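Subject: Structure for your review

Dear colleague,

I am handing over the structure we spoke of, and my notes on it follow below. Please read them with the coordinates open beside you.

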Amino acid sequence: MPLDENEIRRVAVLARLHLGEDEVARLTGDLGRILGFVGKLAELDTSDIEPTSHVVAMSTPYREDEVTTGGDPDSAITNAPRRDGHYFVVPRIIE
Amino acid sequence: MSRLDELSIEEASRRLASREISSRELTEACLARIEVTEPKVGSFLEVTAQLARQQADDADRRLAATGTRTSDTTALTGIPIALKDIFLTKDVRTTCASRILENFIPTFDATVVARLRRAGAVLLGKLNMDEFAMGSSCENSAMQLTRNPWKLDRVPGGSSGGSATCVAAHQALGSFGTDTGGSIRLPAAFCGVAGIKPTYGRVSRYGVIAFASSLDQVGPMASTTRGAALLLQTVAGKDPLDSTSIDAPVPDYAGAIGTAPTVKGLRIGIPREYFVEGLDADVEAAVRAAIGKLQDLGATIVEVTLPHTEYAVATYYIVATAEASSNLGRYDGVRYGRRRGEEQGLRDMYGESREQGFGAEVKRRIMLGTYVLSAGYYDAYYSKAMRVRTLIRRDFEQAFERCDVIATPTAPATAFEIGSRTDDPLKMYLSDILTISVNLAGLPGMSIPCGLDSAGLPIGLQLIGKPLDELTLLRTAAAYEDSCHWHRVSAELKP
């Protein structure tokens, strides 16, 4: 199935990537070829096969609901590109 | 052997314990070696010399108390090692070789790092890698090029390239990397060192920057199998901070290997799908010779089949990119990392921060992963790949009914030339064709050196084991090592 540039632009919006036009063109070719390659899987009949999402069989782990010191707000915020006290600052989100 | 930086971990550990050498001397030898070799090799993104000297002096104080009531030393106390720049190290910059994290200073240690610190290991620095561990050559680092110490115009393999080169160039006695599709075993093979990818869940991933969470696993590299075993047993085991870590006892690997490991009675499976057209003749000859050696040592060779091998790379590049596109959603310029374009509002800030922060391969994989998870394509790609993953797992379950360990080449060829595969992502992906199934099945795998090709480049023997049976891999590898000299041949750092 050939990919077109509009499809790549649509996916870039979902992926939150501001791709340049040259990147759109290159990725259209690259992803098209990679998808062509992975299309090989269609050769296999997997209708009766259970999917593997995780190799270790496990149930949801539970722990005691105990009070801990938790994270330290001062250190949690040290890598923020912009901050105000203990808050992350972002551009206005409601117009 | 006169130079301290050339010692194996087990030998250095013995000399430290007997006080023949000090950790400070050993650490200074490694730092001096880094100084001389780093311009050629480029393993390190950061050398933590001051921290290393301080930790070495602490280790020497601990070692001086050996035999007293307060003694708390381990086999790693005073051993200088280095870490892939994917492990969070408190107060030491951690970039994952990405521009988006170029100024990131973690406020806590990964569990692996905390356990190494507690054991008394000395941290020499942080190592180069493919950006976010996405690559097979280390060429996708946004920071620098790392060269293969055996031939400087060759790649070291990836993604844990620096982890392999620092051991091969004797800059550190051991290192840690991560392996999602071959990222420990491939560079170990290309650089002629021992590297283990343990069973999925064997080692905690807490504080390890995530790539593909159902595949990622932490593991060590060292010049010898016994050295790698000492590193592994220090970090393995259940961690309450990683709910996917497995609660199973961790054997004393080094003790269990002992001085005279044997493969008598061991059944070694040879999968015919791993010895097919496209396999380099020198690689095939060396690997078959290694298998012959194991047979001479008393192992039984059985032919096994892994019929879905040819679908592994395709399955992997759907599963891994899907998981990566989700994991890398966190780099949005809000809480940490590079922020760009905030003048135009939140959406543009996300798009610009990510566009400018990520390199070409990372964007390619995010795009592919987003595509295969998007409405209308999920069933055809992601759901399909998860089902084929089941078939690949079953292949191994069936093969292991007939054998105890599987032996194959680690890679179809030796280290390729820098720049020779960067224009063709598919060709690069196929470098992992012999390692990738092991991650999909969650099994332990390791690579040890088993020869040199006609160009003088190392060849890797891959051993694959049953779930949680790292010990059989290590014993087999150690028995082989004891019968040959490949792990003692050193890279010469020549063009």
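On the surface of chain A, the residues V90(A), I93(A) and I94(A) form a nonpolar patch, and together they offer about 300 Å² of accessible area. Please keep in mind throughout that this is a predicted model. Within the patch, V90(A) sits in the segment that comes after β2 (87-88) of chain A. V90(A) has a relative accessibility of 36%, and it therefore counts as partly exposed, since that class lies between the limits of 20% for buried and 50% for exposed.

Turning to enclosed space, a search of the whole structure finds 6 cavities of 30 Å³ or more. The largest cavity holds about 70 Å³ of space, and its lining is made up of Q55(B), I81(B), L83(B), V113(B), L116(B), R117(B), A121(B), V122(B) and L123(B). Three elements of chain B, namely β2 (80-84), α4 (111-119) and β3 (122-127), each supply at least two residues of that lining, and α4(B) gives the most, with 3 residues. By class, the lining of the largest cavity divides into 7 nonpolar residues, 1 polar and 1 charged.

The second largest cavity encloses about 60 Å³ of space. Its lining consists of A133(B), G135(B), S136(B), G158(B), G181(B), G182(B), S183(B), F211(B), Y316(B), Y317(B), R365(B) and D432(B). Here the residues divide into 4 nonpolar, 6 polar and 2 charged, where glycine is counted among the polar residues.

Which residues lie nearest the centre of the largest pocket? They are L88(B), G207(B), V208(B), I209(B) and R330(B), out of a lining of 33 residues. The elements that give two or more residues to this lining are α3 (73-76) of chain A together with β6 (217-222) of chain B, and about 610 Å³ of space lies in the pocket. When the lining of the largest pocket is sorted by class, it has 17 nonpolar, 11 polar and 5 charged residues.

For your own look at the model, the places to find on screen are the patch of V90(A), I93(A) and I94(A), the largest cavity with α4(B) in its lining, and the largest pocket, where R330(B) is one of the residues nearest the centre.

With best wishes

How values were computed. Residues numbered from 1 in each chain as written. Chains lettered and ligands numbered in written order. Predicted model: local features only at pLDDT ≥ 70, side-chain atom pairs only at ≥ 80, totals over all residues. Heavy atoms only, no water. Patch = residues over 30% accessible without salt bridge, like charges linked within 9 Å, V, L, I, M, F, W, Y side chains within 5 Å. Areas by Shrake-Rupley, 256 points an atom, 1.4 Å probe, with all protein chains shown as cover. Salt bridge = Lys/Arg side-chain N within 4 Å of Asp/Glu carboxyl O. Helix = DSSP H or I, 4+ residues; strand = E, 2+ residues; numbered from the N terminus. Buried < 20%, exposed > 50% of the residue type's maximum accessible area, 1.4 Å probe, protein only. 1 Å grid on protein atoms, 1.4 Å probe; cavity = no way out; pocket = protein on both sides within 12 Å on 5 of 7 lines; lining within 4 Å. Points joined across faces, edges and corners; volume = space filled by probe spheres on them.
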